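Please load the model in your viewer and keep the selection panel at hand. The tour moves from one selection to the next and says what is found at each stop.

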Amino acid sequence: MTQYDLIIKNGTTVTASDKVKQDVAIKDGKIVALGKDLSGGTREIDATNLLILPGGVDAHCHIEQRSSSGIMTADDFYSGSVSAAFGGTTTLLPFAAQHRGQSLRQVVDDYMACAVPKAVIDYGFHLIISDASDAIIGQELPAMIEDGITSFKIYMTYDDLKLDDYDILNVLAAARREQAMVMIHAENHDVIRWITEKLLDQGKGDPKYHAIAHAKIAEKEATHRAISLAELLDTPMLVVHVSSEAALNEIRRAQARGLKVYGETCPQYLFLTIDDLDKDGMEGSKFCCSPPPRDKESQDAIWSGLIDGSFTVFSSDHAPYKYDSSGKLAAGPKPTFDKIANGVPGLEIRMPLLFSEGVMTGRMDIHRFVEVTATNPAKTYGIHPRKGTIAVGSDADIALWDLTKKVEITADALHDNMDYTPYEGRVANAWPTTVISRGRIVVENEELCVERGSGIYLKRDRPEAAKPLQRLVSEIDPKTNFGAKFI
Ligand code: URP
Ligand code: ZN
Ligand code: ZN
């Protein structure tokens, strides 16, 4: 008699804490049993010699998003979610980006209208807040958080997005009251602006100068300032896309002092360097993102932070702009670096490249891999234990990894809608061959097996990680924390 919809047999489950040779039984989209010799599945998958990992949670990606300068990402919610699934990711947390003057409710409604008919895996949204007026922060934001959008990103740079420190404090105060996670893009706007002006005055507009303008010190200073503001108001904060050792050390220092400060890094800071921007003609524009890829020493430092626990999450920061006039070259065939759309694609390669270069080389423990690619993002953004782990009661979001499958990464082989990949020609020495979302087989035998729009929206909880250290203002010692007294 069948009692399960699906059983994954003869494999080894790997979570952030455990590795167990056991079967996984699934019913109604949930994991309902784990154990030896399970039987009675309508369908059974033989996972002999495969590792059974939680599906990945990509907590930073830009999909069907128009940039502040009006350039549209190449991927919509169909191609983006398909590409993610082929790389072992089963949950996406892209952005619903507010342009100044827009209501948050309208922004989210617009993104929902794009995602609902197209996404093939589950998704939630972070807001991007570019307008910190009282009406937005005082009324709209709390309502959106109540509705399950329990995190948002703010920027310290980009003319059309940046908030000044005063606005950041207002936003942090709201996040603290509402227990939402603040994600921050930490680069000093004026440092970048100043260096950019000088470089352009000297006729230095090639893509490689993007990495000079976005100096490490601009990232370090902004990271220090962002953390100081968060500390002042006793508000947890996650610094996104960290690229340099100096910024990482700011995060480490905060963590060592017991602050709830988290860090995120991305594939481009492990696998690319400034040399990639220094390619012939405009080729370097394919590698322009902010912060930029840096030097070999920075790469090593970022690897260390990922391995030693300093970083909490590993996200793609997939920001796909084609190498044509719709994307990287929207400002003309040879734009100066400040006019090149910022961002690189990475949804599909995020986990395979880290697994290959981290786990397969022995550099990174496999449990740590699961932690930073799935479990921690789920915890940090209020969807754990539903997502990000393999446990009875969790959604059956699973990737079966074949450690003998070598895949050459090329733009043609990937499933996104891009015309290039910054990782062209690299080989991943392991790949997730079967990918399951809520018990539905999404990818099998290199084929997509689900319909457009079959992913569902995730209303998220307020993350435990966003709970201030001291919940009650009356408990705050004014000698150690002055600002939070005034919230
Ligand atoms: O260059 C990047 N990272 N582009 C995407 C936008 C952002 O700031 O994350
Ligand atoms: Zn950013
Ligand atoms: Zn981003």
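Helices and strands are named here from DSSP runs, a helix being a run of H or I with at least four residues and a strand a run of E with at least two, numbered from the N terminus. This is a predicted model, in which local features need pLDDT of at least 70 and side-chain atom pairs count only at pLDDT 80 or more, while totals for chains, interfaces and linings use all residues. Side-chain values use heavy atoms, with hydrogens and water left out, and residues are numbered from 1 along each chain as its sequence is written.

Select G88 to begin: this residue follows α1 and has a positive phi, near 95°. Then go to the other end of α1, where D76 caps the N-terminal end with a side-chain oxygen 2.9 Å from the backbone nitrogen of Y78; a polar contact is a pair of N or O atoms within 3.5 Å, and within protein one must be able to donate a hydrogen and the other to accept it, residues adjacent in sequence counting only if both atoms are side-chain atoms.

Now show the whole of α1, which is largely enclosed by the rest of the structure because nine of its ten residues are buried, where buried means under 20% relative accessible area, exposed over 50% and partly exposed in between, with a 1.4 Å probe and protein chains only. Among the buried residues are F77, V82 and F86. To see what covers them, add β9 (89–97), α2 (104–115), β20 (431–437), β21 (440–444) and β22, which are included in the cover, contact meaning heavy atoms within 4.5 Å.

Turn next to the rings. The structure holds twelve aromatic pairs, counted when the ring centres of Phe, Tyr or Trp (its six-membered ring) lie within 6.5 Å, with planes under 30 degrees apart called stacked, over 60 edge-to-face and the rest tilted. Select F77 and Y123, a tilted pair at 6.4 Å centre to centre with 50° between the planes; the pair links F77 in α1 to Y123 in strand β10, 46 residues apart.

Keep Y123 and add Y457, which form a tilted pair at 6.2 Å with 55° between the planes, linking parts of the chain 334 residues apart. Y123 counts as buried because its relative accessibility is 2%, whereas Y457, at 24%, counts as partly exposed. Adding Y111 and F125 completes the cluster that ring pairs build with F77, Y123 and Y457.

Finally, select R452 and Y78: the charged end of R452 sits over the ring of Y78, 4.4 Å from its centre, the criterion being NZ of Lys or CZ of Arg within 6 Å of the ring centre and within 35 degrees of the ring normal.

Technical notes:
Chains lettered and ligands numbered in written order.
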